[in-house]
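Please find below some comments on the charged side-chain pairs in this structure. They are set out as numbered points.

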Amino acid sequence: MHQVYLGLGSNLGDREANIREAIRLIGERVGEVIRQSSLIETEPWGFESENKFLNGVILCSTTLSPRQLLKATQKIERELGKKKVHATKRSNDSSLSTLHSTLYKDRPIDVDILLYDDLTVDEPDLKIPHPLMQERPFVMVPLKEIIL
């Protein structure tokens, strides 16, 4: 079994219900949810919006490979209404600062793979650990709450 930390965020619709549903689907399709952080309300990061986010982090155990995990989480995002191309597909620029306004927008759910055991993956559409998580308090605060 592998231990994975996933970041969750929502700023459209019933944000808490969106996150609860994502966690339920992750539990069914990815693996047992072992720990869950508190949810925190945050300002949008990388774009302007009147809609604040709810963010949290979960730890789950899985038998899925990193690639299978990415496909499973992207499918859950699509089912819950997300319509966005991942930033890692568009640029090799690790800061991505010039692309924020076109890449990030309001969304009912976002699921990011933050950590997968102690594995490092550096592929065009899959980067583990998540390359921007250190820059994002909305990831680091809930991650620190539950990290083992």
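**Salt bridges**

1. Across the whole structure, a search finds 12 salt bridges. The model is a predicted one, and three of the pairs are taken up here.

2. Arg15 pairs with Glu41 in a salt bridge whose closest N and O atoms are 2.9 Å apart. This pair links distant parts of the chain: Arg15 belongs to helix H1 (residues 15–29) and Glu41 to strand E3 (residues 40–42), 26 residues apart. Arg15 has a relative accessible area of 21% and is partly exposed; with buried meaning under 20%, that is why Arg15 does not count as buried. Glu41 is also partly exposed, at 48% relative accessibility.

3. Within helix H1, Glu21 and Arg24 sit three residues apart, about one turn of the helix. They form a salt bridge, with 2.6 Å between the closest N and O atoms. Glu21 is partly exposed at 26% relative accessibility, and Arg24 is partly exposed with a relative accessible area of 40%.

4. Asp125 forms a salt bridge with Arg67, and the closest N and O atoms are 2.8 Å apart. Asp125 is in the loop between strand E6 (121–123) and strand E7 (126–128), while Arg67 is in helix H2 (residues 66–79), so the pair ties together parts 58 residues apart in sequence. Both ends are partly exposed: Asp125 at 22% relative accessibility, Arg67 with a relative accessible area of 28%.

5. Which residues are joined into one network by salt bridges that share partners? They are Glu21, Arg24 and Glu28.

Key:
Residues are numbered from 1 along each chain as its sequence is written. This is a predicted model: local features need pLDDT of at least 70, side-chain atom pairs count only at pLDDT 80 or more; totals for chains, interfaces and linings use all residues. Side-chain values use heavy atoms; hydrogens and water are left out. A salt bridge is a side-chain nitrogen of Lys or Arg within 4 Å of a carboxyl oxygen of Asp or Glu. Helices (H or I, at least four residues) and strands (E, at least two) are DSSP runs, numbered from the N terminus. Buried means under 20% relative accessible area, exposed over 50%, partly exposed in between (1.4 Å probe, protein chains only).
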